[in-house]
Amino acid sequence: MKKLSELLRVVHVDELASRSHSRLGKEMALDDAVAVQERGPFLLRATVGFRNGQVYMVRIDATSKGLRYACSCSSRKGNFCAHLAAVVLVLQRQDESTAPEKET
């Protein structure tokens with residue numbers, strides 16, 4: 001089974017989230033609204049707060065079938081909201097900055 005970092009590397013937020021959720025997720029990621037609470041090879045828990053003061057809980061799991069995700073903002077199962085988009089974008093940015101540089 002692939003680890004969470006491997007699965008997140010190929011996620012395209014613009015394809016999973018609506019246009020408005022993608023845009024808002026990018027804003028939250030830039031505003032440092034994401035706080036990672038727990039990160040393991042197959043599990044991530046984070047909180048996302050934004051200008052309205054509300055804090056949402058995000059969970060992303062690596063499973064044998066791919067990514068499974070949930071956010072406390074919505075009861076719609078499988079909805080890729082702005083909070084999930086923000087978390088994924090922050091993790092992708094962190095993983096890019098810690099990846100070893102390739103020799104040319």
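The exercises below, each with a worked solution, walk through a predicted model.

**Exercise 1. The sheet**

Task: Work out in which order the strands of the open sheet are arranged, and which strands stand at the edges.

Solution: Begin with the arrangement as a whole, which is an open sheet of 4 strands in the order β1-β2-β3-β4, with antiparallel pairing. Next, look at the ends of that order: β1 (34-39) and β4 (66-71) each have a single partner strand, so one side of each is left without a neighbour in the sheet. Finally, consider how the strands are turned, since neighbouring strands of this sheet make an angle of 20 degrees with each other on average, direction ignored.

**Exercise 2. From strand to strand**

Task: Follow the sheet from β1 to β4 and find how many bridges join each pair of strands.

Solution: The first step goes from β1 to β2 (residues 43-49), where 5 bridges hold the two strands in an antiparallel pairing, and here Glu38 has Arg45 of β2 as its bridge partner. The second step goes from β2 to β3, an antiparallel pair with 7 bridges, in which Val48 lies opposite Tyr56 of β3. These two strands form a hairpin with 5 residues between the strands, and in this hairpin Gly53 has a positive phi near 85 degrees. The third step goes from β3 to β4, which run antiparallel and are joined by 6 bridges, with Arg59 standing opposite Ala70 of β4. The hairpin that β3 and β4 form has 2 residues between them.

**Exercise 3. The helix on the sheet and the core**

Task: Determine which strands helix α4 touches, and which element gives the most residues to the largest nonpolar core.

Solution: Start with the packing of helix α4 (residues 82-98) on the sheet, where the helix touches β1, β2, β3 (55-63) and β4, while its direction makes about 60 degrees with that of β3. Then turn to the largest nonpolar core, which has 28 residues, with Ile60 and Val87 having the most contacts inside it. Two or more residues of this core come from each of α1 (4-9), α3, β2, β3 and α4, and α4 gives the most, with 8 residues. To see one of these residues in detail, take Val87, which, when residues up to four places away in sequence are not counted, touches Val34, Leu44, Ala46, Val48, Val58 and Ile60.

**Exercise 4. Buried or exposed?**

Task: Decide for Leu30, Asp32 and Asn79 whether each is buried or exposed, given that buried means under 20% relative accessible area and exposed means over 50%.

Solution: Take Leu30 first, which belongs to helix α3 (residues 19-30); its relative accessible area is 65%, so Leu30 is exposed. Although Leu30 and Leu89 are 59 residues apart in sequence, their C-alpha atoms are 9.2 Å apart in space. Continue with Asp32, in the loop between α3 and β1, where a relative accessible area of 64% makes this residue exposed as well. Asp32 also has a positive phi of about 55 degrees, although it is not a glycine. End with Asn79, in the loop between β4 and α4; its relative accessibility is 18%, so Asn79 counts as buried. Leaving aside neighbours within four places in sequence, Asn79 is in contact with His21, Tyr69, Ser74 and Leu84.

Notes. Residues are numbered from 1 along each chain as its sequence is written. This is a predicted model: local features need pLDDT of at least 70, side-chain atom pairs count only at pLDDT 80 or more; totals for chains, interfaces and linings use all residues. Side-chain values use heavy atoms; hydrogens and water are left out. Two strands pair if DSSP finds at least two bridges between them. Axes are lines fitted to C-alpha atoms, for helices over the stretch in contact, and angles run from 0 to 180 degrees between N-to-C directions. Contact means heavy atoms within 4.5 Å. Buried means under 20% relative accessible area, exposed over 50%, partly exposed in between (1.4 Å probe, protein chains only). A nonpolar core is a set of buried Ala, Val, Leu, Ile, Met, Phe, Trp, Tyr and Cys residues joined through side-chain atoms within 4.5 Å.
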